[in-house]
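I set out to record what can be read from the fold, one entry at a time. The entries begin with surface patches and end with paired charges.

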Amino acid sequence: MAQLYFRYSTMNAGKSIELIKVAYNYEERGKNVMTLVPSVDDRYGRGVITSRIGVQREALVVGEETNILELFIKENEKKHIDCVLVDEAQFLKKHHVLELVEIVDSFEVPVLTYGLKNDFRNEMFEGSYYLLIYADKIEEIKTICWCGRKATMVARVVDGRIVKQGRQVLVGGNDLYVSLCRKHYNDGRLGPDR
């Protein structure tokens, strides 16, 4: 029975490499995978999923107005799709999540989504919110804070200091964000000496 998965974590937990690994495993067994990435994340180019360790995979781009169900049906007519994988799922809109639900429920195709749960202000992203509501399985991919505790927060860092105000979406990597435990997110400590 196909299910909708939401696999979430903070930054640098290996979400993209996990997605690439799942795609590889399907394809190694002769299965077809449709990979998707929201258009807002173009750090490594449009239509590219890139892990921080440098492994890449091409993906179809999902814009705000894209109908993922229609895209799936079109691709499924070309070749049977056995699995749908979505990177940076926090950037999805509500209608995207509902379209993914329809793929699972009507076509019996598993959909695995990967993304952040909360932003640097510790507020939910739209895509994450609706994935938490609709997902059949919710799984945390764990990473750690500099202190060794489990990291649950994403801090935006500007000029060496944590900022907790600003627009929600500002795409960046290690240059702009760091994963912290709740304690160090709240007290603003980025390391033992900072």
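I take helices to be DSSP runs of H or I of at least four residues, numbered from the N terminus. I note that the model is a predicted one.

**Entry 1. Negative patch.** I looked up Asp 105 and found it in helix α3, which spans residues 94-107. Asp 105 counts as exposed because its relative accessibility is 53%, and the cut-off for exposed is over 50%. I then saw that Asp 105 joins Glu 102, Glu 108 and Asp 136 in a negative surface patch.

**Entry 2. Leu 4.** Is Leu 4 buried or exposed? I find it buried, because its relative accessibility is 1%. Leu 4 belongs to strand β1, residues 4-9. Setting aside neighbours within four places in sequence, I listed its contacts, among them Leu 100, Val 101, Val 104, Val 111, Leu 131 and Asp 136. I also checked Phe 107: its C-alpha is 12 Å from that of Leu 4, with the two positions 103 residues apart in sequence.

**Entry 3. Nonpolar patch and helix α4.** I located a nonpolar surface patch of about 430 Å², made by Leu 98, Met 124, Tyr 129, Ile 133 and Tyr 134. Which helix gives the most to the nonpolar patch? Helix α4, residues 126-134, does so with three residues. Ile 133 lies in α4 and counts as partly exposed, because its relative accessibility is 47%. In the same helix I marked Gly 127, Ser 128, Tyr 130 and Leu 131 as buried. The buried residues of α4 pack against β1, α3 and β7 (111-116).

**Entry 4. Salt bridges.** How many salt bridges does a search of the whole structure find? I recorded nine.

I examined the pair Glu 139 and Arg 7, whose closest N and O atoms are 2.5 Å apart. This pair links distant parts of the chain, with Glu 139 in strand β8 (residues 137-140) and Arg 7 in strand β1, 132 residues apart. Glu 139 is partly exposed at 28% relative accessibility, whereas Arg 7 is buried at 14%.

I next examined Lys 78 and Glu 75, which meet in a salt bridge at 3.1 Å, N to O. They are separated by about one helical turn because they stand three residues apart in helix α2, residues 68-78. Lys 78 is exposed at 58%, while Glu 75 is buried at 15%.

Lastly, I noted that Arg 121 forms a salt bridge with Glu 123, at 3.7 Å between the closest N and O atoms. Salt bridges with shared partners join Asp 119, Arg 121 and Glu 123 into one network.

Methods:
Residues numbered from 1 in each chain as written. Predicted model: local features only at pLDDT ≥ 70, side-chain atom pairs only at ≥ 80, totals over all residues. Heavy atoms only, no water. Patch = residues over 30% accessible without salt bridge, like charges linked within 9 Å, V, L, I, M, F, W, Y side chains within 5 Å. Areas by Shrake-Rupley, 256 points an atom, 1.4 Å probe, with all protein chains shown as cover. Salt bridge = Lys/Arg side-chain N within 4 Å of Asp/Glu carboxyl O. Lys, Arg positive; Asp, Glu negative; His and termini not counted. Charge placed at Lys NZ, Arg CZ, Asp CG, Glu CD. Helix = DSSP H or I, 4+ residues; strand = E, 2+ residues; numbered from the N terminus. Buried < 20%, exposed > 50% of the residue type's maximum accessible area, 1.4 Å probe, protein only. Contact = heavy atoms within 4.5 Å.
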